[in-house]
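Got your viewer open? Take a walk through this one with me, stop by stop, and select each piece as we reach it.

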Amino acid sequence: MSEFKIIGTSVPRLDGMEKATGRARFVNDYDLPGHWLGGFVRSPVPHGILTGFDKDPAFDWSRVVFLTAADIPGRNFVHIVRDDYPVLTEKRVTYVTEVLALLAAPDEPTLRAALAAVRPRIDPLPAALTMEEGLEGRVKVWGEDNILDEYHVDCGDVKKGFSESDFIIEGTYETGLQEQMYLETQGAAAIPHPDGTLEIIPSLQCPFYVHNAVVQALGVPEGKVLIRQPVTGGGFGGKEDYPSMMAVWCGLLALKSGHTVKLVLDRKEDIEATPKRHPSKVYHRTGFKKDGTITAMEIDLLLNGGAYTTLTRVVLQRATLHAAGAYTVPNVKIRGRAVATNTPPTGAFRGFGAPEAFFAVERQMDRAAMKLGMDPLDLRLRNLIRRGDLFPFNQRLESGASAEAVLLRAAELSHYREKRARYEAERAQNKRIRHGIGLSIVMHGGGFTGSGEDNMGTTVRVEFRDGRFLVLASSVEMGQGSATILPMVAAETLGVGLDRVTAPPADTNHVPNSGPTVASRTTMFVGAATHDACQNLIGELTGFLSDENACPPSEIAFEEGTFSVGGRSLSILDAASACVARRGELSAEGTYKGPPTANPWDDRGFSGDAYKGYSWLATVVELEVDMDTYEANPIHTTAVAEIGRVIHPVLAAGQLAGGVLQSLGWAHIEDLTVRPDGAYSAAHMSSYLVPTTLDTPRWTIDTIEDPCPAGGFGAKGMGELPCNGSAPAFLSALDNALDVFAERAPATGEYLFELLEANQRIEAVAH
Ligand code: MTE
Ligand code: MOS
């Protein structure tokens, strides 16, 4: 029997019905009488000097509102990590699609006519489009050297480590851009109210980030900016920063036009202009003993940040800290750098730098296994990080050390060893369809990096209104399940049914700041704050009952939703109703208070306890390759995770399957590059392919429970974890099927063809 009534059960998701029936309203569904439409004048060139705009005199410009940098009332930047991203370009244009001017018009035809009647005048400059060109520094994109940020991790003595090794393996691994492809594109609506309040409704992940950006750029007083969450149709990291820009642009148009304005991107503009996963290039040099033990690791990690910082600094931090993988290595040297180029700024995508880091380290382990003549599983088992071991950034893994447990379970469930040997043997038969199986082991640190969670001040308020408990937080439901998870935590703590609790969409006038919906932090940290708020609410009610009954609080007991006062029992609902009747309201706040940190994070030294808990995932991918077309299709994926306590098994399995699928898309079909003219190579769903249900493999999904002392009800962050592991497992399965070694993702059919040709292993194939 479980010690819980609701935690650990798969209740129907609370936002399910409104989404299934189409009742859910996304920004574009809002009926806003008399609203105008906004649009963008964007740069067609990657680098140049903006000298003005050519406006066709035949167009009646009095019918629209046209805004440039000179019209910005506040400061001309959107605050993300740095204040370097301009709302509108003043002079130097640094990437294709950069926003130079804004337009608003009363209807679509007028907007289109206006957009067609204006051209920016730009004197082009040479551009740095690749990471190599950015590093060369001949073209100045950002700062003096185009380095947006740089971090170092050093432990032990790598020189000594390499001298003690029997083999040194080197490799360089590359990954490409990835588009989040949320179902709902980026969009916002802004309403200028007569009392001076600017209400903005953006599809978002982080209401208070948006609030702050709008206050700074538009110079509207804090209390006069209201950010309201519509239903968010998926974010996957892509709505972490861009909604701040969207809200500022849309708010500016509303302020200047005096009309309600809707600004919604179509799919083409969304793909062309919004932030994506960083392209990466990671060099690994690893020393091994003959038995496979790693003696030293040297890693040089590079991310392409595009033209401005946006979230790159924090993505780079996570990439750098996850770069040595799930292994214990005595001597490690990591350099992580993000380089600026004349390409659209890259941002957050589920995994936040960790997938790029794991792709490289897991590929390196496979390469080493080939050279050492070991099975990739055995090489990993020899080096996995275990309880009591140190991460290279000097954090001791005290609890929740489950790398080995998940890896062994995944290998067993997938029949990895037997199949790996069988598929290798089958290669000699030259069949048209070949099979392969490969695996990976990854982890993900839950919550903000470093001291972020200690400093965030994560606050949740629980209120009793109209017979129900409301969980008020700035955390956003975007498909991942927070609108179900947080009420589950509250219902369990308060001892009431789930029908008595809801988590309404965030609205910055009414919710406390529980932080942004990022870094897989909601269940783990906001869940803990929700639990705390509920306990404080029970405390409030205890105080109320003590006053009412003139008895000391110590004589009032609370258990499973019932107060006992002097032999009488009273349900929490009755107590709450009585309290509201007497006092007019009942609410309580709670915060996140984690256990003390053993080795507090040191920002300057970039070392210490980087995360309060790590989730673990082993992924085994089994695929088939058509030797006529080089199409590789995953047919079965096994994912075994340790994510602390599993709060909702079905939602957890859904998170795992969805993230694994996104990672598989990145591994082989999601192909996006920057063309020589600085634009992306694809702008439609017909040319940028993401996995559909037809590309979905069969699943075996399993979890191992190990409640985490730092998380709400023992949960750990798991939303991003599944994006870290299937790309390297997919490429490992390609090794097994084809006897090639792919070093980059996406491993498209064309790339496989190239590799096979280089290996001269294309032979007549028996059909
Ligand atoms: N799942 C769905 N369905 N939709 C999303 O937008 N975003 C992912 C992940 N899972 C996302 C998702 C990302 S990038 C993060 S950081 C986490 O959910 C955030 O939610 P959590 O804190 O509740 O895990
Ligand atoms: Mo997730 S990439 O932290 O929004």
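What follows is a tour of a predicted model, going from domains to sheets to a couple of backbone oddities.

**Stop 1: colour the domains**

Start by giving each domain its own colour. The assignment for the protein chain puts residues 16-23 + 458-591 in domain 1, 32-125 + 193-265 in domain 2, and 280-449 + 604-766 in domain 3.

**Stop 2: where domain 2 meets domain 3**

Now hide domain 1 and look at the other two. The C-alpha centres of domain 2 and domain 3 are 37 Å apart. How many residues of domain 2 are in contact with domain 3? There are 21, and they touch 21 residues of domain 3. Together the two domains bury about 1,700 Å², with 59% of that on carbon and sulfur atoms. On the domain 2 side, show V81, Y95 and F236 as sticks: these lose the most area to domain 3, together 30% of what that side buries.

What about charges and polar groups? Don't hunt for salt bridges across this interface, since the rule finds zero. Polar contacts are another matter: six residue pairs turn up between domain 2 and domain 3, both residues in each pair at pLDDT 80 or more.

**Stop 3: the seven-stranded sheet**

Switch to cartoon view and find the open sheet of seven strands, which runs 3-5-1-12-9-10-11 with mixed pairing. Which strands stand at the edges? They are strand 3 (65-67) and strand 11 (225-227); each has a single partner strand, so one side of each is left without a neighbour in the sheet. Look along the sheet and you'll see the twist, averaging 20° from one strand to the next.

Zoom in on the strand 3 end. Strand 3 pairs with strand 5 (residues 99-105) in the antiparallel sense, over three bridges. Select V65 and you'll find A104 of strand 5 opposite. Then add helix 2 (residues 108-116), which packs on the sheet and touches strand 1 (36-42) and strand 5. The direction of helix 2 makes about 20° with that of strand 1.

**Stop 4: the four-stranded sheet**

Next, pick out the open sheet of four strands, ordered 19-18-17-23 and again mixed in its pairing. Strand 19 (501-502) and strand 23 (587-591) are the edges here, each with a single partner, so each has one side without a neighbour in the sheet. Strand 23 pairs with strand 17 (residues 459-465) in the antiparallel sense over five bridges. To see one of the bridge partners, select V462 and A588, the latter in strand 23.

Helix 16 (residues 572-583) packs on this sheet, touching strand 17 and strand 18 (468-472). Its direction makes about 85° with that of strand 17.

**Stop 5: two backbone oddities**

Most residues other than glycine have a negative phi, and most peptide bonds are trans. Here are two spots that break with that.

- Select A745 and P746: the peptide bond between them is cis, with omega near 5°. P746 is in the loop between strand 27 (744-745) and helix 19 (749-758).
- Select N146: this residue isn't a glycine, yet has a positive phi of about 65°. Look for N146 in the loop between helix 3 (131-136) and strand 7 (147-155).

How values were computed: Residues numbered from 1 in each chain as written. Chains lettered and ligands numbered in written order. Predicted model: local features only at pLDDT ≥ 70, side-chain atom pairs only at ≥ 80, totals over all residues. Heavy atoms only, no water. Pairing = 2+ DSSP bridges. Helix = DSSP H or I, 4+ residues; strand = E, 2+ residues; numbered from the N terminus. Contact = heavy atoms within 4.5 Å. Axes fitted to C-alpha atoms, helices over the stretch in contact; angles between N-to-C directions. Domains from an automatic or database assignment. Buried area = accessible area lost by both parts, 1.4 Å probe. Salt bridge = Lys/Arg side-chain N within 4 Å of Asp/Glu carboxyl O. Polar contact = N/O pair within 3.5 Å; in protein donor to acceptor, adjacent residues only side chain to side chain.
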